[in-house]
Amino acid sequence: MHRLRLRCVSSMIRGLLVIWLAVAALLPAPQSAQAAIPEDEMLVNGDFEAFHAGWVEPGVQVIYHASSLPVGIAPYSGDYAAYFEPHTAVELFQNVAIPADITFAKIHLWYWSRWSEHPGERSLAVQLLDPVGGTHYVDALLIDAYPPTNAWQPLTYILTPADLAAIRGRTVRFKLRADGSNYRANLLVDNVSLEVSTGLVRRIYLPTTPRHAR
């Protein structure tokens, strides 16, 4: 009698388990609040792994394979990075069509600076410009080469409401520009991104640990 009851209970449990698994398979997978926010990467080949694709390098080559980078510096990831050679003004850019309904945007990149002479002045500007008239919509970052980082360092710029209003629905030029210098300052950039969102919830970004030379 007890065995018969145990068999019945066991059959009921197995039946309930099968039903529960079938229902669970039909339900959508749970998502965190951050993952549910729509977000789009605006840049083409922001990690430079497709070499020159997507970018314009007027006058001077900027994107290099690891084998052509300064000795002791490897790309932050992959095999390519942007190297802004010393002693001259160098720029790299691409045009981006910004959606008209964005509510959030951020620029993020990794950079490395190194001096082989005594300190002087050199900087790298990150800008969003009018590709026709050159109007500055957003002057996001100005990265000083000195003091040298001698390692990869992360930088993030969250666009302000005024920045967003200036670029909504426009085609903008995303430009990285290193000014000239009489000093030998190495400036490198990797894993550049311009991410936009139409979500209503603000994203929270945690600090990123710098990655040192390999």
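**Close-up views of the predicted model**

**View 1. Glu91, at 22% relative accessibility, counts as partly exposed.** The model shown in this and the following views is a predicted one. Glu91 forms a salt bridge with Lys175, and the closest N and O atoms of the pair are 3.6 Å apart. This pair links distant parts of the chain, since Glu91 belongs to strand 4 (residues 90-97) and Lys175 to strand 9 (residues 171-178), with the two positions 84 residues apart in numbering. Lys175 is buried because its relative accessible area, 12%, falls under the 20% cut-off, whereas the 22% of Glu91 places that residue in the partly exposed class.

**View 2. Lys106 and Glu195 form a salt bridge whose closest N and O atoms are 2.9 Å apart.** Here too the pair links distant parts of the chain, with Lys106 in strand 5 (residues 104-115) and Glu195 in strand 10 (residues 185-197), 89 residues apart. Lys106 is buried, and Glu195 is buried as well. A search of the whole structure finds 2 salt bridges, among them this pairing of Lys106 with Glu195. As general background, side chains of opposite charge can pair when their charged atoms come close.

**View 3. The peptide bond that runs from Tyr146 to Pro147 is cis.** Its omega angle is near 5°, and Pro147 itself is found in the loop between strand 7 (136-144) and strand 8 (153-158). For context, most peptide bonds are trans, which is why a cis bond merits a view of its own.

**View 4. Phe48, a residue other than glycine, has a positive phi, with a value near 65°.** The residue lies in the loop that joins strand 1 (39-41) and strand 2 (63-65). Phe48 has a relative accessible area of 0% and is therefore buried. In general, most residues other than glycine have a negative phi, so a positive value calls for comment in a legend.

**View 5. Phe51 also has a positive phi, of about 65°, although it is not a glycine.** Like the residue of the preceding view, Phe51 is found in the loop between strand 1 and strand 2. At 30% relative accessibility, Phe51 counts as partly exposed, because this value lies between the cut-offs of 20% for buried and 50% for exposed. Phe48, in contrast, is buried at 0%.

How values were computed: Residues are numbered from 1 along each chain as its sequence is written. This is a predicted model: local features need pLDDT of at least 70, side-chain atom pairs count only at pLDDT 80 or more; totals for chains, interfaces and linings use all residues. Side-chain values use heavy atoms; hydrogens and water are left out. A salt bridge is a side-chain nitrogen of Lys or Arg within 4 Å of a carboxyl oxygen of Asp or Glu. Helices (H or I, at least four residues) and strands (E, at least two) are DSSP runs, numbered from the N terminus. Buried means under 20% relative accessible area, exposed over 50%, partly exposed in between (1.4 Å probe, protein chains only).
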